[in-house]
Amino acid sequence: QMTKAMALEWGRFDINVNQRLGQSGGTVYVTGSAVDYWSRSGTDVQFQVGYNNAFRRLSYNLSATRVRDVNGRFSNQFFASISLPLGDSVHAPTFGATVSHDSSGHSLAQGTLSGTAGVDNEYSYGATATHDNGGNGTDSSNAGTVYGGYRSPFAQFNASYGKGSGYSQASVTV
């Protein structure tokens with residue numbers, strides 16, 4: 001089944017280049033796309049440059065994205081993320097964090113802690129905390145979620161609870 005956007009696309013150009021910088025120098029990557037549509041004039045253009053590497057157990061990624069829409073408006077987004085196992089065992093939890101900021105003033109920061117337990121990794125758990133500054137004069141907000149799961153030979157059980165500015169949400173799935 002074709003999506004509406006795909007059906008209206010008449011021209012597309014994509015580029016994806018990766019370059020490893022020696023044995024431990026990390027990787028630089030560049031991606032880009034230009035898309036034209038039947039239903040309107042102008043071209044959507046997106047360009048991203050990034051770098052990822054690891055230092056001991058810490059993995060990290062940095063990227064910058066520039067977008068030009070069909071009306072010629074530009075926007076920029078900057079992104080950074082890290083991932084760090086908190087120990088040497090196979091069941092050590094992993095801490096992750098991401099930060100993004102765009103040219104409209106919108107910033108988002110998120111931290112996660114997740115892991116597995118059990119002989120066959122049948123238990124999973126995690127927690128996420130998010131801070132959103134809103135941007136463009138909107139209110140900032142905070143949110144948090146915790147979840148856990150169990151995979152038996154016959155079924156998968158999951159439960160989560162989240163709370164944020166003005167809402168809370170809980171779910172159980174089997």
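How many salt bridges does the structure hold? The structure, a predicted model, holds 2 salt bridges, and both are shown in the views below.

**Figure 1. Overall fold of the predicted model.** The secondary structure of the protein comprises 1 helix and 11 strands. In sequence order, these elements give the pattern α-β-β-β-β-β-β-β-β-β-β-β. The radius of gyration is 21 Å, well over the 16 Å given by the globule rule for 174 residues, so the protein is more spread out than a compact globule. The C-alpha trace spans about 55 × 45 × 40 Å along its principal axes. Of the 174 residues, 18% are buried. The protein exposes about 11,700 Å², of which carbon and sulfur atoms supply 58%. Among contacts between residues at least 6 apart in sequence, 25% join residues at least 24 apart.

**Figure 2. Confidence along the chain, with helix 1 and strand 10 in view.** The mean pLDDT of the protein is 88, and 92% of its residues reach 70 or more. Among the elements, strand 10 (residues 156-164) has the highest mean pLDDT, 96. The lowest mean, 47, belongs to helix 1 (residues 4-8). Over residues 1-7 pLDDT stays under 50, and the model has 3 contacts beyond four places in sequence for this stretch. Where pLDDT is low, the predicted coordinates should not be read in detail.

**Figure 3. The salt bridge between arginine 12 and aspartate 14.** Side chains of opposite charge can pair when their charged atoms come close. Here the side chains of arginine 12 and aspartate 14 meet at 2.9 Å, N to O. Arginine 12 has a relative accessibility of 48% and therefore counts as partly exposed. Aspartate 14 is also partly exposed, with a relative accessible area of 46%.

**Figure 4. The salt bridge between arginine 57 and aspartate 88.** The side chains of this pair meet at 2.4 Å, N to O. The pair links distant parts of the chain, its members being 31 residues apart. Arginine 57 belongs to the loop between strand 3 (40-55) and strand 4 (58-68), whereas aspartate 88 belongs to the loop between strand 5 (74-85) and strand 6. With a relative accessibility of 40%, arginine 57 counts as partly exposed. Aspartate 88, at 72% relative accessibility, counts as exposed because the cut-off for that class is over 50%.

**Figure 5. Aspartate 102, a buried residue without a salt bridge.** Aspartate 102 lies in strand 6 (residues 94-102). Although buried, aspartate 102 has no salt bridge. The nearest side chain of opposite charge is that of arginine 66, 12 Å away. A salt bridge requires a separation within 4 Å, so arginine 66 does not form one with aspartate 102. With neighbours within four places in sequence left aside, aspartate 102 is in contact with Asn76 and Gln77.

**Figure 6. Threonine 31 and its contacts in strand 2.** Threonine 31 is found in strand 2 (residues 27-37). Its relative accessibility is 23%, and threonine 31 therefore counts as partly exposed. Apart from neighbours within four places in sequence, threonine 31 is in contact with Ile15, Asn16, Gln46, Phe47 and Gln48. Histidine 131 is 100 residues from threonine 31 in sequence, and their C-alpha atoms are 28 Å apart in space.

**Figure 7. Serine 89 in the loop between strand 5 and strand 6.** Serine 89 has a relative accessible area of 49% and is partly exposed. Between serine 89 and phenylalanine 79 the separation is 10 residues in sequence and 30 Å in space, C-alpha to C-alpha.

**Figure 8. Positive phi at arginine 56 and asparagine 121.** Most residues other than glycine have a negative phi, and most peptide bonds are trans. Arginine 56 is not a glycine, yet its phi is positive, at about 55°. This arginine 56 is found in the loop between strand 3 and strand 4, and is exposed, with a relative accessible area of 77%. Asparagine 121, likewise not a glycine, has a positive phi of about 55°. The position of asparagine 121 is in the loop between strand 7 (107-117) and strand 8 (123-132). At a relative accessible area of 36%, asparagine 121 is partly exposed.

Note on methods
Residues are numbered from 1 along each chain as its sequence is written. This is a predicted model: local features need pLDDT of at least 70, side-chain atom pairs count only at pLDDT 80 or more; totals for chains, interfaces and linings use all residues. Side-chain values use heavy atoms; hydrogens and water are left out. pLDDT is the predictor's confidence in each residue, from 0 to 100. Helices (H or I, at least four residues) and strands (E, at least two) are DSSP runs, numbered from the N terminus. Contact means heavy atoms within 4.5 Å. Buried means under 20% relative accessible area, exposed over 50%, partly exposed in between (1.4 Å probe, protein chains only). Lys and Arg count as positive and Asp and Glu as negative; His and the chain ends are not counted. The radius of gyration is taken over C-alpha atoms; the globule rule is 2.2 Å times the number of residues to the power 0.38. Accessible areas come from the Shrake-Rupley method with a 1.4 Å probe; for residues, only the protein chains shown count as cover.
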